Amino acid sequence: MSATDLFQPAAPRLYTIPPAAGFVDALARGLAKAFPDPDALAAVTVLLPTRRAGRALGEAFTRLEGAPGAALLPMIRPIGDVDADEPPFEPGELADLAPEAVSAARRRFELARLILQREGAAGRSMGPGGALALADDLARLIDDLATEEVDDLSALSEEVRATLPAHMEEAALFLDIVLEAWPARLAELGKADPARRRSKLLRALADRWRESPPEGPVIAAGSTGSIPAAAELLGVVAGLPQGCVVLPGFDREMDEDGWAAIDDSHPQRAMKGLIDQLGVDRTSVAWWPGAQEGARQAARARLIAEALRPAEATSDWLSRVETLKEGRGADIFDTALEGLSVIEAPGPAEEARAAALALRETLETPGARAVLVTPDRALARRVVVEMDRFGVQLDDSAGEPLSDAPPGAFLMRILEAASEPGSALGFIALAASPLFALGELRATLKPELGAMERAALRGRRPGSSFDALYEAVAEGAGKDERAAARWGDIIRRTAAAFQPLTDLGETAAAKSWAEALARTGEALAGDGEAAGADRLWSGDAGEAAAELIGDFLREAEALPELSLSDFTAALLEMARSRMVRPRYGAHPRLQILGPLEARLVSADRVILAGLNEGVWPAGGRADPFLSRGMRLAAGLEAPERRFGLAAHDFAQLACSPDVILTRARKQDGAPTVASRWLWRLQTLARGALGEAESAAALAPATNYPALAAALDEPGEAVSSIAEPMPRPPVDARPRTLSVTRIETLIRDPYSIFAEKILGLKVLDPPDGEPGPMERGNAYHKAIEVWVDSLPDAAGLPRDALERLVGLGRDALLDAGFPEDRLGLELPRFARAAGFLVDWEAERRRDPDARFKTVLTEKRGELTIDAPFGPFTLTAKADRIDLRPDGALDIIDYKTGAPPSGPEVKAGFAPQLPLEAAMAARGGFPDCPSHEPGDMIYLRLNGGKEPGKETHLVKAPGTEEAVDLAEDALEDLKKLIGWFDDEAFVYRSQPRAKFVNRYGDFDHLARRKEWASAPGDDAGGGES
């Protein structure tokens, strides 16, 4: 078709390109045929919805058969982002029509200020982060009003507002900002809202072309006319002497009942409105030259159109099925379902894996292109990871929030570390960033950071300043002078880099915070080879971060003075809403796109993923300011309108030649509901073909779910892992253990192997909150000082309880319990202290037969002869008392549950008996070598039962205590003898009764892989 033929029909001229044709490719082919002369093609103006669509059309021209490497293209301009200083406007032509558009960042800051002022006047408090989030919603409402060109909201009368529920009534008060405060502020700034300026420019262009048509051809393509100003421009273009409009996927063949029933949620809704506005009969919409539907394409388009038929017109679906079969052939549904398949996976992981396999399969066909389209960004990330296992690098064109990208995350970690400079966790998170270099190569610095973290930054929080961090690393380095100097230097340089932030006061302007943050980030990011600015602000994400900081430097003057935490919240809110999109795709033939990015895109294979209700289409988003009724009363479009736009995107893509629709049956363990579009398609197919035939027709030719499941199957050669049986050389086995580690050796020898022989250590969490262990240590410390201070006389001082509670308070604070937790912890300790004071008073009641404390919290040791040589047993006794009969009471304080008597006598908890045996042999300095008389667990937990005394000896002062101690020592000698045999194994938890009581190294022993295997005998064995 020539250009003459293209513009020969009477105006208004409307064409359409069927969905299966590939919009931009068909448009490029038609333009190339109509304007074969390059100069004539260059004189054509093509109006497309977005700049992305313009780039796609340019790429489509390069794919044309016989296209030269460099060719003249038509002038391509975006309707949605029209610029008064670009053609078809002349420079300065419309300068007086509308002021320059306010930037998105400036508008958000200004609206946040107005929100904060309003909330302050109402006596409420809202942080800048919350105000910025609300400003985003308010900006959307302003754009909606501008797009629909609503200037008068008088329809929202007081009567309408009075009928609102309380929460909407409160939200509607923000309309004062929209109606009064914001327009006044825009006038002060000399700016205009972007959407309102766009509408004015589009209407101005329409007026100009209506009065003075352009000399060259004008073709508006891909727009549905959903924006009123754009719809007017499309009407003008359709009526130009050399103008036409090309609609995407207009349904020329819908029956009259279906056409009349089209509602806001229908994919044809926007184009029906445009057709009605132009007063055109829909049968006059012609096929774009060369884009007529083939039989298979027509069948697929009809199937999708019928599946998305207006709800009011679906009551006669079965008769429609018969009508279609009569008019188009009995095999129309079989033809329509060719190349269309459905995958319903058990969960998101399986769905992503099946989709990745379908993408990978496309690469087996030379030159074939595939695109995965989904609004579910989590699913998109899963597919990216799955493709990586095939060695295929993909990226998600929808991008990721700047707050998740390395530069954005680095800036946020800087602010978090600045707000808590003594936090080990904050420093560890900051140092883990690849941008943290402190002026030296990251490869050199990283090992030092790891060693410093393990040795010095685990456990209790160091404090509240960088000085506290410095002291912590110095203590963690111990006697290693090199490590102390190196780690201290790292902390010093970090603190120096933070100086711009720490120099600011409690509050400062957002600009000042942003400038200080940039300086700190650059100081931390330099690596000796590249300046910090070059490392921090480079790449797509770095440029986005620089732009964000620039927005705060240039545009944030509207915000009030902020504290550091307020600035952090504001920056985080802005970074979350700013997407970093890859400039170029990672793969030339595969793409992952969102529905918006996929508009007008075509490919050999299209995968539509995440087809569940609430995902695609997305769940209903409530307007926080206007109810549905208020929106309609104000002249705004109904919220359901976006479902129609989303349905149009789905319908266009679902008509591609090779389409795979995927969904997950469950999400987070809960059943999901299939997307309304998918459900309708499956229901229509069942009605047309029957249950079995439709299931077979919609099944993919390749069983992707089965292949996905097989990827992680181990295959036929499956062998269960055996229990580890470490037998280290005897000279590598420990020759010294404490009495508590002897208990571990009995219950879980593998833990001793991992700790003492492999040299492994369980790491505490950084900035760990004080817990049971710290509580127990505090109780022991307070009791030790208190007991040592007691006079060597009968009875107790009157202030004994008061002194003990005071010591407990100091000990709890020293153990890391903050003041705000003492309200819970101190009464608990006081109850335990009351029990202990009463118990102590009872033991001192009789002056002639009282107990005398000879030792508190003292270490001792005992050397034992063993087959491989001397073995040293160590212990730290909580307390040893001399009884009136000359024997010793071995006492152990417990804040938790003590072991039972049977456990002790069976040898599984030998701590007290072994301490008694050590004491009898002079193992504790300053303790007489007397035989034991009793062994006592004193439980002090301060709970409902504040304390309890448990005697392991039924008859204290008799041979029973001696026998218990001697039996424990003999058992220990046997145990040491067994482990002095190189054939003896350090098994993992060999005692069934005690499995999982001790398990710090269960993951290393891989217990879960063998402990429940058939034939497992983990409950017994040679240990």
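Modeller: Rings of Phe, Tyr and Trp (its six-membered ring) pair if their centres lie within 6.5 Å; planes under 30 degrees apart count as stacked, over 60 as edge-to-face and the rest as tilted. The model is predicted, so local features need pLDDT of at least 70, side-chain atom pairs count only at pLDDT 80 or more, and totals for chains, interfaces and linings use all residues. Residues are numbered from 1 along each chain as its sequence is written, and side-chain values use heavy atoms, with hydrogens and water left out.

Biologist: How many aromatic pairs does a search of the whole structure find?

Modeller: The search finds 16 aromatic pairs.

Biologist: What makes the pair of Phe-250 and Trp-259 stacked, tilted or edge-to-face?

Modeller: The ring centres of Phe-250 and Trp-259 are 5.7 Å apart and the planes stand at 80 degrees, so the pair is edge-to-face.

Biologist: Which geometry do Phe-979 and Phe-984 form?

Modeller: Phe-979 and Phe-984 are also edge-to-face, at 4.7 Å centre to centre with 75 degrees between the planes. Both belong to one aromatic cluster with Tyr-750, Phe-753, Trp-978 and Tyr-986.

Biologist: Why does Phe-979 count as buried or exposed?

Modeller: Buried means under 20% relative accessible area, exposed over 50%, partly exposed in between (1.4 Å probe, protein chains only). Phe-979 has 5% relative accessibility and therefore counts as buried. Phe-984, at 9%, is buried.

Biologist: How do you know that Phe-250 and Trp-259 are buried?

Modeller: Phe-250 has a relative accessible area of 4%, and Trp-259 has 8% relative accessibility, so Trp-259 counts as buried.
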